[in-house]
Structures are given as structure tokens and as C-alpha cells.
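Visitor: Could you take me through the charged side chains here, one by one, and show me how their surroundings are built up? I would like each term explained with its cut-offs as you go.

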Amino acid sequence: MSKDEVQDEVQDEVQDDRTGMDPATLRRAVLDHLRYTQAKDLRSATLTDVYHALAHTVRDRLVHRWMTTQRRYADDDVKRVCYLSAEYLLGRQLEANLLTLGLLGLAREGLAEHKIDLQQVLEEEADPGLGNGGLGRLAACFMDSLATLGLPGMGYGIRYEFGIFRQEIVDGWQLEQPDEWLRKGNPWEFKRPEYTVNVPFGGHVEHWTDASGRFQARWIEDHVVQGVPYDTPVAGYQTPTVHTLRLWSATASEQFDLAVFNDGDYRRAVENKALDESISKVLYPKDTSPEGRALRLKQQYFFVCCSVHDIVRRYLERHTDFSLFPARVAIQLNDTHPAIAIAELMRVLVDREQLSWGAAWEITRATCAYTNHTLLPEALERWPLELFHAMLPRHLEIIREIDRRFLRNVHVWSGGDEERCRRMAIVDEANQQVRMAHLSVVGSHTINGVAELHSQLLREHVLADFAELWPGRFTNQTNGVTPRRWLLQCNPGLADEITQRIGPGWVTQLSQLERLAPLASDPGFLEALGKIKADNKRALAAHLSHRAGIVVDPSSMFDVQVKRIHEYKRQLMCCLHVIWLYHRVRFLGHAIVPRVVLIGGKAAPGYIEAKKHIKLINDVSTHIASDPQIGQQLALCFLRNYNVSAAQRVIPAADLSEQISLAGKEASGTGNMKFQMNGALTLGTLDGANVEIRQEVGAENFFLFGLDVAGAQGVLAGGYRPAAVIAGSERLQTVLGHLEDGLFNPDERDLHRRIAGYLRHADPFLVCADFDAYCEAQERAAAAYADPRRWGGMVARNIAAAGRFSSDRTIRGYADEIWGLEPTRVELG
């Protein structure tokens, strides 16, 4: 045998150790990583060591697929979507990747041979808090669906060192603590320093006319931060396709001032380094101060600058001009956080690549698309002109020029309607602000909402002027969630039952769930669903008891509202209903259907009113738990530090899903979809995707209450007086009376009295207007739950109707209608 043949044979053996999928190879690979990656053997290894060894073993198998995918995309010069999002709530990766590769069972059996419980190993992984709620979880679902469908794509965001805060509850109040998700290391990421990007800030702009008569601009920055990319593989389910999520970390361009250090000023020697690296320290720093607002704008430009430069660099590796740029690149702006990408791409094309303004604008607008995620005016980002000029002077010039040309067209189109021009302007001169949503609309070829109702409200209200100008640019793509994580992974009992009934195809074709519809009257199927739900409830009850010391009765109805804490989501209304139930049991002697109410979510650090609601929920919870006369009839629990991992436990155990936002305020919601496909029934308003869920499941399988959008708008426009509503409601008078007399916090009576006063005199989200209807819907839900056969049939029909709400369907819509993407088949050699 020749030397080359020996080397090839050795290489094949090593390759097999890295990529082999049989049990013996996997066992050997884990032990090798335990020894050579963790420097441990089985006797000395901790669970963290075992986690890292197993994670690296799985990662090895992803890398081969990852490199093959990227090579295929590059060789074929395919069009890719570049998804720009400030948030990615990925959840834990090990179990998801084991499931994707079909290795979950092998891993469990292999570890069991060494008396190691896989579930304990999985618990060693930190839950990356790189998002605040639905926006970040949606981005993660989309990355999963892109890879599973073989639609070329890449995600871009920020590698927050601490992410969203870790929520502690101290004396009922939310306390924010750093979320050290990187403390034990992250085996899934690859640092790519060779693709570091210099990000300029501040300074001034020089202008001149060159010899050919062309206007030129040069940005002379006064400070540069470096963006270092970290890549995470995102695997498609049971497919060779593996995509890249590239997250940027901020580092100082000058790490250390040795001269200052040697002079003895140790703090100043590292001060600039600390300031630069603060850009990627924390997700959404508190923005109640000028410094906090400046840091948020820095974050947004930082990741956009890095991402746009990375996109252009990769394009120029295969092209000498930009004529094909929109045919090879689609940039999707996930809300307004990455809106500066429009100005940044223009800056790169005009200032660096020397394209004419007209050519650069056509390319930019043909490349970019914008997803709006909010109907709340305060959430449509605006930046002070003074701050924008100080931090990004060239971008402000570009935005002003975009605005000037745009308003010239609006002036002609509107027949000189100056008021319309003022409303549509990107730069709000009266308030000295840049309107980022307007920039996103003007600079994008397509603008989409995320539920049919949301898209309608965008066209008719929030962005009505723009929709009238460009009706063809507005479309809808109703959100969806990945059934891999949100059913197959988090609810294996239900997933197995579904597979036994209709086969495994539903995992990638969720519409196949409709084949379950005839089983809604099958006693055997309903009995199986009931047993699965009971098992999930017992598992959640055991977890709450073990981890948080919360004792609940798993035979009770589990009534759940888990989402970001915000007034428009109306966690307060849920809490008031609990007080009403408590009053009925404690003071009226009524018997009720036993109920455990679970509320979870985080309030923004500067959102004082939302924090007051968390405090109230915890005070009511403590009071009820300490009242011996309540027994097992009623419990209220606040789920501390709710995150993706907690959701994967809570959602499969829920009986009732509360989606009770004020109609016209929620863009879509995705929690409602996760609950539905896991067999919880929805109690909700006609808001967001609730409307479409109700259409799919049937009105008789949905507990509807409250004002619709037109009704809510009419109440508010008609001079809403909550005091009059309260005067006509026994329930409201009772629950507000308990708040005002200090029943739930006798030591701080004014605290809850202020909440009651706010409802009596303001109530901007119509809690009082909807409260009686809400309580009546709760009574209907309780009556249905008391009839197991009826409830079981409703559960089966909800699951069977969940097929529309897969993120695979959503992504196909984006690919066909917005991005112009075609699937690319990847084959392993």
C-alpha cells in the first residue's frame, strides 16, 4: 500500500469518527471528546463535561453537512435570503439537533449504558436569552423552516454577552439579574475573526466634486468598533441542509492603551475597550436615559453595518458589478431594528462602490423587504435627529436625500397635499425625529404584516398613506411556528400518538393534521389525548415543586397566560379574574371547577406599570396560597424567568390558553399557535392570529369574548368613562374594592389602590370594558372542562386544525411572494 493510500485510509477512518451515525461510532466519539476536548474520563466527568462531549459529537456531524451546504450554495451562486433580526430566541440546541439528526434515542441509550440520564445532561445547557419574546422566537422558527425546506438563507444578529436579563422575584417585585448564558461555554458556535468588520461612529462628512463632475462624500469617523462574527449551524429536519446564523460581537479596535496603563491610570487604560464592548453586552438596554437610547442606536447600526458589509463581501467574491445583486440577495428586515440597513446599503453602493444614486436606489429597494410586527405607535421606532447626526452623520445625509426625493413624488401624487407630505415624511421636522418605519417602507419593495387582521390594520390605519400610494407593495404572511420544536420535541407523547394515527409526514407537512379531524368523536383517541395531557400536567407540577417550591394539583384545569408583560396583553385582567374567583369561593361559598392559573413573562426594566402588575400577581398568589379555606380549588402562580425551555414544559401541560390582548393591539401572536397544536383551547379576543385560529377550529371550539377592533375604537373615540362601566358591574366593584382595601397587601395598601385608581379613571386598554364578558367566557370554559367528553372533542378539533400555523407554510409564502427563492437540493458525498 502506498503512502498516499495509507493517508487516505487514515483520513476515511477519522472522517467516519467525525460523521459516522452508528451506535459504536457515536459512543467512541463521545468518549473521545470527553477525553480530548474536556480532558476528563468517565470517572471524573461532571454532567457539564458530558454535555460538552455529546454536543461536540453532534456538532461534528453537523459540520460535514454545513460545509457541504455552503459549498453547494456558493458553487451554484444561488439566491439567498439574509434575515436581519435584533433577536433570536433559539432555545437549547442539543436536544433539537439530536432530534433533527435522528440520534435522540441512540444518545439516550448510549448514556444509559454508563448510568447517565440524558435529561440531566440536557439540563446542563444554558437557554440563550437572545430575544425578548415572539419576535426572537419567530426568527428562530424561520431559520428552522428555511433549512428544513432547503431554501437558501442566512441569519444575522447580535451575540449578546448577557442577552435578556434573568428575572428574579424579590418580595413580589421583578429584579433583573445578568443572564450569564455563556458562563459554561457555547459548543455550538465558531468564531470567524477573518471576517471581522470595522464599524465607524461619529465624526463628520467631507464633500467635494470630482474631476468628472460627480458629487462625492467621505465619512471621517472619530471612532471605530470591530464586529467579530460567531457562526452557529442551523440544521434542517432530517435533511443534509445546514444554514448559518451569524451573530456579531463588539470588540475594541484598540484593546489596551499601554502608555496610559504605564502612567498608572489603569482604569482609563481599559475604559474605551469596555465602552466599545458594551454594544453587544445586553439585549435592549434600558432606554429611559440619553445614554441608554444612544446605546440602542449603536447596537442597531453595529449589527446592520457588519451584516451589510458581510453580504456585499460575499457577493463580490463571485461578481464584478452589482447588476445581479437583487437576483442573488434578498434582505428581510425583521421589524424596524435593522431599518438602517437601507441607508447603509446606499452608503456602501454610492460612497464605496461609486454607483450612481439612481442605480444604487433601484438595487437597494429591489433587495430589501420589511416585516412590520406592531400596531403600537410607540413601538414604531423614532430616533432624535441630534443623536442620529452625532452618531451617524453620513446616514442622516442619505436619509434626508431619500426623504427629499420621496416627498417630491408624494407632492406630485397627492396634488400638493402638504399635510399628507408631513404625515409621510421619513424625517419628522416638527418633532426632530427620524421615523424608522417610514424609512423601512420607502426603502423596501414589499411590506408585510404577520396576520390577516394586522395587515388590514396596517393598510387602513398605521401605514394607510403608504398603502394608498403603493397598494401593490403591501401583503400578508401570517406567522407560524416550527412543529419540530413546538410539538415533536416538547410533547413527545402527543407526537407519538399523532404518528401512530396518521404516520410521520406531519412533522414536515403539518397540514396532514387535518386527517385527525374524524377522530374527534373516537373514544379511544380522546382517552389517549386525555392521558397525554394528564401526564404532561403531572410532569409540570413535579417540576414546579422541585425547582420553585410551588405545589399545584395536576387534576385542576391549568389556565395559562405566558408572554411578555405589557398592559395591552392584559395580564392584569387575568389577575382580576382570579380575585373574582377567590371572592366567590372565600366570601360567597361557591364551588368552582378547580383551577391553577399560571402567568409568566418579563417586563421591560423601565416599564414601571408592568412591574406593578407583576407585584400584584405575586401578592394575590401568596394570599390565596396562605388561605386554608381555599384548599385545592384555586391557585395562582407566577412563573419566574419564563423562557423557551420553560415554555416547552408549560405549553404541553396547558388546558386553557389565554390570548386576551385588546383587539387591534397584538400583531399576530405565536404562543396562541403553540398552545393550539399542543391541545389547549383558546380563550381570547378577535385580535392578531386569534381571528384565523377561530376560523380554522370553528367558533364552537374557541371561547370568544370582548370588543372587536371597531368596537374598541368606538369606545375610545366616544369618550370612554371606565367609572361608569365599573358602576354597572358587580364583579368590577368587588375586585377593585379588594384592591382598594388592601386585602392582598395590608402593609402597602396604596400600592394596589393606585392600580385600582388607574382603572377607574384611565383604563387605556379597556380592561373594565371587557371584564364582564371575559368572566362569562371563563365560565363557559369551566363548564366545558367539567364535561371531559365535550372538552376532549374540542381539543382534538383544535389539534386537527393547527396545520395552517406551521412556520414552513409561512416561509413558503415569503419565498414565493417576497424573496423569489427556490429550494436547493443538498446531497452528502
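Guide: What follows begins with one acidic residue and its partners, and then moves outward to other charged side chains and to the rings and loops around them.

This is a predicted model, in which local features need pLDDT of at least 70 and side-chain atom pairs count only at pLDDT 80 or more, while totals for chains, interfaces and linings use all residues. Residues are numbered from 1 along each chain as its sequence is written, and side-chain values use heavy atoms, with hydrogens and water left out.

The starting point is Asp-310, which lies in helix H10; helices here are DSSP runs of H or I with at least four residues, strands are runs of E with at least two, and both are numbered from the N terminus. With a relative accessible area of 1%, Asp-310 counts as buried, because that word means under 20%, whereas exposed means over 50% and partly exposed lies in between, using a 1.4 Å probe and protein chains only. The side chain of Asp-310 forms a salt bridge with that of Arg-313, at 2.9 Å from N to O, the term meaning a side-chain nitrogen of Lys or Arg within 4 Å of a carboxyl oxygen of Asp or Glu. Both residues belong to H10 (residues 290-316) and are 3 residues apart, about one turn of the helix. Unlike its buried partner, Arg-313 is partly exposed, at 26% relative accessibility.

Asp-310 also makes a polar contact of 2.9 Å with the side chain of Arg-246. Such a contact is a pair of N or O atoms within 3.5 Å; within protein, one must be able to donate a hydrogen and the other to accept it, and residues adjacent in sequence count only if both atoms are side-chain atoms. Setting aside neighbours within four places in sequence, Asp-310 is in contact (heavy atoms within 4.5 Å) with Met-154, Tyr-156, Tyr-195, Arg-246 and Trp-248. Of these, Tyr-156 is 154 residues away along the chain, yet its C-alpha atom is separated from that of Asp-310 by 9.8 Å.

How many salt bridges are there altogether? The count comes to 59 by this rule. One of them joins Arg-347 and Glu-344 at 3.0 Å, two residues that lie in helix H12 (residues 340-352), 3 residues apart and so about one turn of the helix from each other, and both of them are buried. In another, Asp-417 and Arg-420 meet at 3.9 Å; here Asp-417 is partly exposed at 29% relative accessibility, while Arg-420 is buried at 13%. Salt bridges with shared partners also connect Arg-192, Asp-231, Arg-246, Asp-310, Arg-313, Arg-314 and Glu-317 into one network, which brings the account back to the residue where it began.

Asp-763 is a contrasting case: it is buried but has no salt bridge, and the nearest side chain of opposite charge, that of Arg-570, is 6.8 Å away, where Lys and Arg count as positive, Asp and Glu as negative, and His and the chain ends are not counted. This aspartate is found in the loop between helix H31 (749-761) and helix H32 (767-785), and its side chain reaches the backbone nitrogen of Cys-768 at 2.9 Å. Apart from residues up to four places away in sequence, Asp-763 touches Tyr-720, Pro-722, Tyr-758, Cys-768 and Ala-769. Leu-766 lies in the loop between H31 and H32 as well, is buried with a relative accessible area of 0%, and has a positive phi, near 55 degrees, although it is not a glycine. Most residues other than glycine have a negative phi.

Some charged groups are placed against rings instead. Arg-159 lies over the face of Tyr-230, at 3.9 Å from the ring centre, and the charged end of Arg-586 sits over the ring of Phe-587, 5.4 Å from its centre. A charge sits over a ring if NZ of Lys or CZ of Arg is within 6 Å of the ring centre and within 35 degrees of the ring normal.
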